[in-house]
Amino acid sequence: RGARWRARAGLSKGIVMALLGVGVLAQTLYRLSMGALPMAETMGAVGLLALTANSVCLLLLYKHRSDDINMKSTWICSRNDIISNVSVIGASFIVTTTGSGIPDWIVGFIIAGLFLKSSVSVIREARAELAAY
């Protein structure tokens, strides 16, 4: 496909990343307001499974991460997923050892911030590419 199509795809992914960031932020605020202790074992197991799958994706995308905004945005999403997975696994361990939900909330805010910051970067770059056409 053409460069304009790839820029639109990158823009779409940037918007999806922003929506994901807002969703994680909303979920974190909800969990914080409820004060419930997360299911740390489930967090860790799902985080480990997701880390395995996302690591394979990241390795496949690595050599294409600079091809265009579409591939760059895909690589950024995968990178963010890896960071999120490792953070969730770490939080699940700390929640298990301390019996506190605070690590889960902290990681939730960090993940939301990571996705929101990445989305702004991808959206800006995609819009700049679209403006060039």
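User: Before we start on valine 122, what does contact mean here?

Analyst: Contact means heavy atoms within 4.5 Å. Keep in mind that this is a predicted model. With that cut-off, and leaving aside neighbours within four places in sequence, valine 122 is in contact with Gly10, Gly14, Met17, Ile69, Ser73 and Ile76.

User: Which residues of the largest nonpolar core touch the most other members?

Analyst: Valine 122 is one of them, and that core has 19 residues. α1, α2 (40-61), α3 and α4 each supply at least two residues of this core. The residues touching the most other members are Met17, Ile69, Trp75, Ile76 and Val122.

User: How far apart are the end C-alpha atoms of helix α1?

Analyst: Helix α1 covers residues 3-34, which makes 32 residues. At 1.5 Å a residue the helix should span 46 Å, and the model agrees with that. The end C-alpha atoms are apart by 46 Å.

User: What covers the buried residues of α1?

Analyst: In α1, the buried residues are Ala7, Ala9, Gly10, Leu11, Gly14, Met17, Gly21 and Thr28. Two of these glycines, Gly10 and Gly14, are also in contact with valine 122. The cover over the buried residues of α1 includes α3 and α4.

User: Which residue follows α1, with a positive phi?

Analyst: Helix α1 takes in residues 3-34. Right after α1 comes a residue whose phi is positive, near 70 degrees, and that is glycine 35.

User: Moving on to charges, which residue does aspartate 68 meet in a salt bridge?

Analyst: The structure holds 3 salt bridges, so there are a few to go through. Aspartate 68 lies in the loop between α2 and α3 and its partner in helix α1, so the pair ties together parts that are 62 residues apart in sequence. That partner is partly exposed, at 25% relative accessibility. With 2.9 Å from N to O, the partner is arginine 6.

User: Is aspartate 104 buried or exposed?

Analyst: Aspartate 104 forms a salt bridge with arginine 31, with the closest N and O atoms 2.8 Å apart. The pair links helix α4 with helix α1, 73 residues apart. Arginine 31 is partly exposed at 23% relative accessible area. Buried means under 20%, and aspartate 104 has 8%, so aspartate 104 is buried.

User: Which residue forms a salt bridge with lysine 72?

Analyst: Lysine 72 lies in helix α3 and its partner in helix α4, so the pair ties together parts that are 53 residues apart in sequence. Lysine 72 counts as partly exposed at 31% relative accessibility, and the partner counts as partly exposed at 28%. The closest N and O atoms are 2.9 Å apart, and the partner is glutamate 125.

User: What does serine 92 touch, not counting residues up to four places away in sequence?

Analyst: Serine 92 sits in helix α3 (residues 69-98). Its relative accessible area is 6%, so serine 92 is buried. The residues it touches are Ala40, Met43 and Gly44.

User: Which residues form a nonpolar patch on the surface?

Analyst: One member is in helix α4 (residues 102-131), namely phenylalanine 109. Phenylalanine 109 counts as partly exposed, at 34% relative accessibility. Together the patch has about 240 Å² of accessible area, and its residues are Leu29, Leu32 and Phe109.

User: And what separates the C-alpha atoms of alanine 128 and isoleucine 102?

Analyst: Alanine 128 is in helix α4, and counts as partly exposed at 48% relative accessibility. Alanine 128 and isoleucine 102 are 26 residues apart along the chain, and their C-alpha atoms are separated by 39 Å.

Notes. Residues are numbered from 1 along each chain as its sequence is written. This is a predicted model: local features need pLDDT of at least 70, side-chain atom pairs count only at pLDDT 80 or more; totals for chains, interfaces and linings use all residues. Side-chain values use heavy atoms; hydrogens and water are left out. Patches are made of residues with over 30% relative accessible area and no salt bridge: like charges are joined within 9 Å, nonpolar side chains (Val, Leu, Ile, Met, Phe, Trp, Tyr) within 5 Å. Accessible areas come from the Shrake-Rupley method with a 1.4 Å probe; for residues, only the protein chains shown count as cover. A salt bridge is a side-chain nitrogen of Lys or Arg within 4 Å of a carboxyl oxygen of Asp or Glu. Helices (H or I, at least four residues) and strands (E, at least two) are DSSP runs, numbered from the N terminus. Buried means under 20% relative accessible area, exposed over 50%, partly exposed in between (1.4 Å probe, protein chains only). The expected span of a helix is 1.5 Å times one less than its number of residues. A nonpolar core is a set of buried Ala, Val, Leu, Ile, Met, Phe, Trp, Tyr and Cys residues joined through side-chain atoms within 4.5 Å.
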